[in-house]
Amino acid sequence: MNWPLNSKLPTSSRLAAEFLLALETDFQARGAEAIATLRKNEPWHYLELILSLVDLDAVDSNPSRVSDEEMDALIAGTKDALAKIDVWEKEMRAEQEISEQTS
């Protein structure tokens, strides 16, 4: 890796930066597929992943303060995201079937 200040960074910082770059590269290549697989095969771990990314300090701890409109928007957004994942999964399966047929 060619980090601009590579020699000036402490080893732990260099390793952390290199790890995060490798993680980002891996996620870009396989992240959506891994997330969809996790959602399908291990829904509780999928939920844990989502919750681990939520800033709980930013979330109002009293759900009664959430308006009906805000709750409706949250539900609609969640449904939309799941529908997009389902479409993506169908496209991936179709591509896989085509690949298997041509092999």
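## Reading pockets and helices

Modeller: Let's start with a pocket: sorted by class, the second largest one is lined by three nonpolar, three polar and four charged residues. Here Ala, Val, Leu, Ile, Met, Phe, Trp, Tyr, Cys and Pro count as nonpolar, Asp, Glu, Lys and Arg as charged, and the others, Gly among them, as polar. The model is predicted, with local features needing pLDDT of at least 70 and side-chain atom pairs pLDDT 80 or more, while totals for chains, interfaces and linings use all residues. Residues are numbered from 1 along each chain as its sequence is written, and side-chain values use heavy atoms, without hydrogens and water.

Colleague: What does pLDDT tell me, and what does the protein average?

Modeller: pLDDT is the predictor's confidence in each residue, from 0 to 100. The average for this protein is 77, and 80% of the residues score at least 70. Confidence is highest in H1, at a mean of 84, and lowest in H2, at 78.

Colleague: How many helices and strands are there in the protein?

Modeller: Both are DSSP runs numbered from the N terminus: helices are H or I with at least four residues, strands E with at least two. This protein has three helices and zero strands, in the order α-α-α from the N terminus.

Colleague: How do I read a pocket, and which residues line the largest pocket?

Modeller: Rolling a probe the size of a water molecule over the atoms shows where empty space is left. A pocket is an open set of points on a 1 Å grid over the protein atoms alone, where a 1.4 Å probe fits, with protein on both sides within 12 Å along at least five of seven lines; lining residues have an atom within 4 Å of a point. Here the lining of the largest pocket includes Ile35, Tyr46, Leu74 and Thr78. H2 (43–53) and H3 each give two or more residues to this lining, and H3 gives the most, with five. By class, 10 are nonpolar, one is polar and none is charged.

Colleague: What are the volumes of the two pockets?

Modeller: A volume is the space filled by probe spheres set on the grid points, which are joined across faces, edges and corners. The largest pocket holds about 330 Å³, and the second largest about 260 Å³. The second one is lined by residues including Glu33, Trp88, Glu89 and Arg93, with H1 (11–41) and H3 each supplying at least two.

Colleague: Is Glu89 buried or exposed?

Modeller: Buried means under 20% relative accessible area, exposed over 50%, and partly exposed in between (1.4 Å probe, protein chains only). Glu89 counts as buried because its relative accessibility is 12%. Across the 103 residues, 6% count as buried.

Colleague: Which residues is Glu89 in contact with?

Modeller: Contact means heavy atoms within 4.5 Å. Glu89 sits in H3 (residues 68–102) and, leaving aside neighbours within four places in sequence, is in contact with Ala36, Arg39 and Lys40.
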